[in-house]
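Here's a quick briefing to read with the structure open beside you. Take the points in any order you like.

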Amino acid sequence: NRMNLVGFEYIPGRLYLLFRESQTTYYNFDLIVVNLADRSTQTDKVGFDLNFQLTHFTVAGTTALFGGYINSEPAVLLFNHSSDKPKVLPGLFTQNISLLDLRANRNNSFNVLLVETRRGNSQRLILRTFDEFGNLLIDDLVEIDPKYTLLSGMTSRLVLDDMMIAGTYGEGHGKEVLGFYSLKVDPFADQAVLYSDLPSVAHFMDYLPEKKAKKILAKASREKLAGRKPRYKANLLPIRLEEIGKNYYLFAEAFHPPSNVTYYPYGNPNWNYYYGSPYGSPSNPHRPGGYDAPNYQDQLRNNEVRMVQSVVLRFRSPVASPEGVTLTYEDVRRPMLDQTGDFLTRKDSVILAYKYKAEVVYLTESEDPMARPTAQKTAIRLVHPTDVLKEDDEDAGGLRHWFGRHFYTWGYRRVKATVEDEVESRYE
């Protein structure tokens, strides 16, 4: 079977699985819908007859949404089982525009977030909200400070009353992040963009040695007093923007990239194999072999991506300054850029966690915002109490938020087991 799982989406009562033949950008899709109530399935052949590079997949109501690029120009394609053929969303085929986000809202409308680069490298955000049939509801433009370049962006899902946009920014043509930006969407008023440089985010520097962190923070303070923007930069992977309780949470991970390697598949930082559900992570633990990284195969270990830390920004409102919580990773290396850990909330407190070897490492936010909390570890139990762990595959597996206060983790390890006085080796 040459079909590869390239996307998934879950909405209450239905699971959508998106498959594509081969690893090229031309072949069409198989969309399988699983009705969870009666376990029935429905398969549709989705043919666009276009050279379409998929970057986003989601579902609004009963309409499947495909976001990506056709001839380097952004495009959003709609497919509904009741229609004869897919629909192309009009008004997006424009040069110098990038697709940042395609997000379904709780009320079955969906958001298309674009960034336009104009003459002189100035930018503006373009937000368009449509109903599930592709009818335009909102068309909003936001001017970006010409000193900055937007690198990523996500919209909230209207779980709360106000829609929020958040992401990362840098400068010039570089991919390193200077900080986070955020704004409240209001097409009928001036929309101020809040730019939060990395040194201003509480605990962001906790992954560094204390002496070095203090030096960077002192330098950033001097730069601000002199009327200059702080120059500290980092590599960040934004993962999701979530509405929980009365707050907005932006989850991202910092990493050290390999040298001379394209660590973003297709060279596109907004692309994610398994672009999936806002209810979970954009990645899937059960990946078919050979589709992990189209441009990142057969690299040596010293060219792997080293994951540094996870960071959660909590916004009390779309216009509030963010509060930071971070968890430093130990020596975690990935064959490509991919989500490593996750977070959940308990009341108003953030809990961050990740899998490291045969343990789960987790950190609970301190009640004192100035305190530097200590990470805790718990061993991942073996299937049988008498088993002996012989080898744990450090590169395999991960951890994700499941539901409520629960994480789940998976991996691959070799154990020595005693069964009826006989010793055997097995993998689990």
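Let's start with an aromatic side chain out in the open: Phe188 has a relative accessibility of 79%, over the 50% cut-off, so it counts as exposed. Phe188 sits in the loop that links strand 16 (179-184) to strand 17 (194-197). Keep in mind that this is a predicted model.

**Contacts across the sequence**

- Phe188 and Asp140 are separated by 48 residues in sequence, yet their C-alpha atoms are 8.8 Å apart in space.
- A second pair of this kind is Glu143 and Ala192, with their positions 49 residues apart in sequence and 8.9 Å from C-alpha to C-alpha.
- Glu143 belongs to strand 12 (residues 136-143), and its relative accessibility of 46% makes it partly exposed.

**Helix 1**

- Helix 1 covers residues 210-225, and its length checks out: 16 residues at 1.5 Å each should span 22 Å, and the C-alpha atoms at its ends are 23 Å apart.
- Ala213, Ile216, Ala220 and Glu223 are the buried residues to look at here. They take up an arc of only 90° around the axis, so they sit on the same side of helix 1.
- Turn to the face pointing away from that buried side and you'll find the exposed residues Glu210, Lys211, Lys214, Lys215, Arg222 and Leu225.
- Just past the end of helix 1 comes Gly227, with a positive phi of about 80°.

**Strands 18 and 19**

- Strand 18 (residues 235-244) is largely enclosed by the rest of the structure, because nine of its 10 residues are buried.
- Its antiparallel partner is strand 19 (residues 247-256), and nine bridges hold the pairing together on paper.
- Within that pairing, Ile244 stands opposite Asn247 of strand 19.
- The two strands make a hairpin with two residues between them, and Gly245 in the turn has a positive phi of about 60°.

**Strands 1 to 3**

- Strand 1 (residues 3-11) and strand 2 (residues 14-21) run antiparallel and are joined by eight bridges.
- Ile11 has Arg14 in strand 2 as its bridge partner.
- This hairpin also has two residues between its strands, and Gly13 takes a positive phi near 95°.
- Strand 2 also pairs with strand 3 (residues 29-35), in the antiparallel sense and over seven bridges. There, Phe19 stands opposite Asp30 in strand 3.

**Positive phi outside glycine**

- Ser72 is not a glycine, but its phi is positive, near 65°. You'll find Ser72 in the loop between strand 6 (63-70) and strand 7 (73-80), and at 66% relative accessibility it counts as exposed.
- Asn96 is another non-glycine residue with a positive phi, about 65°. Asn96 lies in the loop between strand 8 (87-88) and strand 9 (97-104), and its relative accessibility of 56% puts it in the exposed class.

**A nonpolar surface patch**

- Trp402, Phe403 and Tyr408 make a nonpolar patch of about 340 Å² on the surface.
- Trp402 is part of strand 27 (residues 398-403), and it counts as exposed with a relative accessibility of 54%.

Definitions and conventions. Residues numbered from 1 in each chain as written. Predicted model: local features only at pLDDT ≥ 70, side-chain atom pairs only at ≥ 80, totals over all residues. Heavy atoms only, no water. Helix = DSSP H or I, 4+ residues; strand = E, 2+ residues; numbered from the N terminus. Expected span 1.5 Å × (residues − 1). Buried < 20%, exposed > 50% of the residue type's maximum accessible area, 1.4 Å probe, protein only. Arc of directions from axis to C-beta. Patch = residues over 30% accessible without salt bridge, like charges linked within 9 Å, V, L, I, M, F, W, Y side chains within 5 Å. Areas by Shrake-Rupley, 256 points an atom, 1.4 Å probe, with all protein chains shown as cover. Salt bridge = Lys/Arg side-chain N within 4 Å of Asp/Glu carboxyl O. Pairing = 2+ DSSP bridges.
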